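Biologist: I would like to learn how to read a model of this kind, feature by feature. Could you take me through it slowly?

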Amino acid sequence: MAVLRDLMIVLALVALACLPCLLALMVTADLAAETVSRAVRRGIRALFGWLSRRRLARAIGMADRPVTIEPAGPPIEQLAADLRRLGQQRIGVATRSTVWFAAVQRAYDDRLGLACQELGIVEHLGELGGIDLEIERVRVEGELHGAGLVLVSGDAERRQDQR
């Protein structure tokens with residue numbers, strides 16, 4: 001008899017502890033059901049759209065041809081290597097002519113623009129000049145660095161650490 005009473009007390013405490021969860025489920029059940037039904041409808045629409053596109057492709061003789069996407073520019077690894085090389089050449093400005101420095105600077109800006117295009121970063125290097133261009137260049141370098149593109153070679157970092 002005492003065991004049955006203790007069991008009833010434990011069950012009552014468990015029910016009391018679960019009551020808030022059950023109430024929350026009842027209140028949000030309609031929202032959850034609506035979300036699930038919306039997701040199912042969206043999936044069904046996508047499936048029918050895919051099937052109709054496939055039927056259309058078969059009808060015009062384009063069935064099961066793989067779509068090849070050509071890259072927009074050079075690989076990002078090549079761009080990073082070019083930016084590191086051109087960055088090192090920009091540092092040696094005192095030993096070169098102004099025409100050479102301007103050419104290196106233009107090539108560096110072009111490579112920065114290509115890297116931004118491939119990583120989806122907005123840049124305005126082609127539209128600016130003077131100090132505004134310098135500021136934009138620093139901003140773009142920071143954005144590229146934040147995206148994981150290393151613009152300073154390991155040798156340059158070691159030389160800066162030694163100073």
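**Reading the helices, bridges and surface**

Modeller: Let us begin with one residue: at 12% relative accessibility, Asp-109 counts as buried, because the limit for that word is under 20%. Please keep in mind throughout that this is a predicted model.

Biologist: Which residue does Asp-109 meet in a salt bridge, and what is the N to O distance?

Modeller: The general idea is to look for a side-chain nitrogen of Lys or Arg within 4 Å of a carboxyl oxygen of Asp or Glu. Here the partner of Asp-109 is Arg-137, at 2.7 Å from N to O. The pair links distant parts of the chain, since Asp-109 belongs to helix α3 while Arg-137 belongs to helix α4 (residues 130-146), 28 residues apart. Arg-137 is buried too, with a relative accessible area of 2%.

Biologist: Which other salt bridge links distant parts of the chain, and which helices hold its residues?

Modeller: Look at Asp-82 and Arg-111, whose side chains meet in a salt bridge at 3.4 Å, N to O. This pair again links distant parts of the chain, with Asp-82 in helix α2 (residues 76-91) and Arg-111 in helix α3 (residues 98-119), 29 residues apart. Asp-82 is buried at 8% relative accessible area, whereas Arg-111, at 25%, counts as partly exposed.

Biologist: How many salt bridges does the structure hold, and which residues are linked in a network?

Modeller: The structure holds 8 salt bridges. Glu-34, Arg-38 and Arg-41 are linked in a network of them. Another salt bridge joins Arg-5 to Asp-6, with the closest N and O atoms 3.8 Å apart; in that pair Arg-5 is exposed at 54% relative accessibility, and Asp-6 is partly exposed at 40%.

Biologist: How should I read the overall arrangement, and how many helices and strands are there in the chain?

Modeller: One lists the elements in order from the N terminus, and here the chain has 5 helices and 0 strands, running α-α-α-α-α. Of the 163 residues in the chain, buried ones make up 17%. Among contacts between residues at least 6 apart in sequence, 60% join residues at least 24 apart.

Biologist: Where is the kink in helix α1 centred?

Modeller: Helix α1 (residues 2-59) has a kink of about 50°, and the centre of that kink is Thr-28. Just after α1 comes Gly-61, which takes a positive phi of about 85°.

Biologist: Which residues make the nonpolar surface patch?

Modeller: A useful general idea is that an α-helix has 3.6 residues a turn, so residues three or four places apart point the same way. The patch in this model is made by Ile-9, Leu-13, Leu-16, Leu-19, Leu-23 and Met-26, and covers about 620 Å². Ile-9 lies in helix α1 and, at 45% relative accessibility, counts as partly exposed. For the chain as a whole, the exposed area is about 12600 Å², with carbon and sulfur atoms supplying 64% of it.

Biologist: What should I make of the cysteines, and how many disulfides does the structure hold?

Modeller: One looks for a pair of sulfur atoms within 2.5 Å, and the structure holds 0 disulfides. For Cys-21, the nearest cysteine sulfur is that of Cys-18, 6.2 Å away.

Biologist: Are Cys-21 and Cys-116 buried or exposed?

Modeller: Cys-21 is exposed, with a relative accessible area of 51%, whereas Cys-116 is buried at 1%.

Notes:
Residues numbered from 1 in each chain as written. Predicted model: local features only at pLDDT ≥ 70, side-chain atom pairs only at ≥ 80, totals over all residues. Heavy atoms only, no water. Buried < 20%, exposed > 50% of the residue type's maximum accessible area, 1.4 Å probe, protein only. Helix = DSSP H or I, 4+ residues; strand = E, 2+ residues; numbered from the N terminus. Bend = angle between axes of the 7 residues up to and from the residue. Patch = residues over 30% accessible without salt bridge, like charges linked within 9 Å, V, L, I, M, F, W, Y side chains within 5 Å. Areas by Shrake-Rupley, 256 points an atom, 1.4 Å probe, with all protein chains shown as cover. Contact = heavy atoms within 4.5 Å.
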